[in-house]
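Biologist: Could we go through this chain together? I will ask as I look.

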Amino acid sequence: MSFYDLLRGFERSKHTANIKVYPVPPEDIPTIGMTEASTEEGGQAGHLAILMVVIDEIPYEHIWRAWAGQDDVHFLVHAKHPERVTSPWARERLVASKLRPEWGSLELVEAALLLLKDAVVRTPAEHFAFVSESCLPVVECRGLIRELT
């Protein structure tokens with residue numbers, strides 16, 4: 001069963017009486033594309049940075065790693081408790097921070113801004129996506145990058 005088959009099934013379920021699910025963005029929703037100027041400023045077409053805010057581990061790390069599977073996706077991680085991060089892959093991607101954001105606090109915004117600043121400096125990414133530890137990808141990576149560029 002494809003991802004879009006799942007969406008169509010969800011659209012017909014009793015829990016979504018007033019929700020319309022689109023397989024692609026509708027015409028009236030603006031999308032952000034890459035411009036010539038942004039490429040000249042250092043970002044590279046097709047490069048994506050996934051910016052993760054977690055407590056101490058990435059529960060679905062194996063899924064994210066399999067999803068990306070190529071060099072044009074970069075991951076950076078802000079951990080509330082970096083000393084508890086045991087995965088070597090996640091530790092290599094930690095940003096230096098003393099922030100210990102609580103759920104729903106303004107420090108979460110600070111952590112997100114820190115991730116974005118680090119991504120601009122440390123990666124060739126042109127596009128950025130913020131995710132939390134409970135997020136999972138729902139479209140193929142190649143398709144997402146193709147839509148962004």
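Biologist: Where is Tyr60 found?
Modeller: Tyr60 is found in the loop between strand S1 (48-54) and helix H3 (61-68). Helices (H or I, at least four residues) and strands (E, at least two) are DSSP runs, numbered from the N terminus. The model is predicted, so local features need pLDDT of at least 70 and side-chain atom pairs count only at pLDDT 80 or more, while totals for chains, interfaces and linings use all residues. Residues are numbered from 1 along each chain as its sequence is written, and side-chain values use heavy atoms, leaving out hydrogens and water.

Biologist: What is the relative accessible area of Tyr60?
Modeller: The value is 32%, so Tyr60 is partly exposed. Buried means under 20% relative accessible area, exposed over 50%, and partly exposed in between (1.4 Å probe, protein chains only).

Biologist: Which residues make a nonpolar surface patch with Tyr60?
Modeller: Ile63 and Leu136 join Tyr60 in a patch of about 230 Å². Patches are made of residues with over 30% relative accessible area and no salt bridge, with like charges joined within 9 Å and nonpolar side chains (Val, Leu, Ile, Met, Phe, Trp, Tyr) within 5 Å. Accessible areas come from the Shrake-Rupley method with a 1.4 Å probe; for residues, only the protein chains shown count as cover.

Biologist: And the inside? Which residues of the largest nonpolar core touch the most other members?
Modeller: Of its 19 residues, these are Ile50, Met52, Ile58, Trp64, Trp67, Val73 and Phe75. S1, H3, strand S2 (73-79), helix H4 (88-92) and helix H6 (141-148) each supply at least two residues of this core. Another core, of 8 residues, lies apart from it and includes Ala49, Val53, Val95 and Ala119. A nonpolar core is a set of buried Ala, Val, Leu, Ile, Met, Phe, Trp, Tyr and Cys residues joined through side-chain atoms within 4.5 Å.

Biologist: What is Ile58 in contact with, leaving aside neighbours within four places in sequence?
Modeller: Ile58 is in contact (heavy atoms within 4.5 Å) with Met52, Trp64, Val77, Trp89 and Ala90.

Biologist: Which residues of H6 are buried?
Modeller: They are Cys141, Gly143 and Ile145. Their cover includes S1, H3 and S2.

Biologist: Changing topic: how many salt bridges are there?
Modeller: The count is 5, taking a side-chain nitrogen of Lys or Arg within 4 Å of a carboxyl oxygen of Asp or Glu. One of them pairs Asp56 with Arg84, the closest N and O atoms being 3.7 Å apart. Asp56 lies in the loop between S1 and H3 and Arg84 in the loop between S2 and H4, so this pair ties together parts that are 28 residues apart in sequence.

Biologist: Is Lys80, in its bridge with Glu102, buried or exposed?
Modeller: Lys80 counts as buried because its relative accessibility is 16%. Glu102 is partly exposed at 48%. Their N to O distance is 3.2 Å.

Biologist: How far apart are the closest N and O atoms of Arg122 and Asp118?
Modeller: The distance is 2.9 Å. Arg122 and Asp118 are 4 residues apart in helix H5, so about one helical turn separates them.

Biologist: Finally, where does pLDDT stay under 50?
Modeller: That stretch is residues 14-42, for which the model has 21 contacts beyond four places in sequence. The mean pLDDT (the predictor's confidence in each residue, from 0 to 100) is 75 for the chain, and 68% of its residues reach 70 or more.
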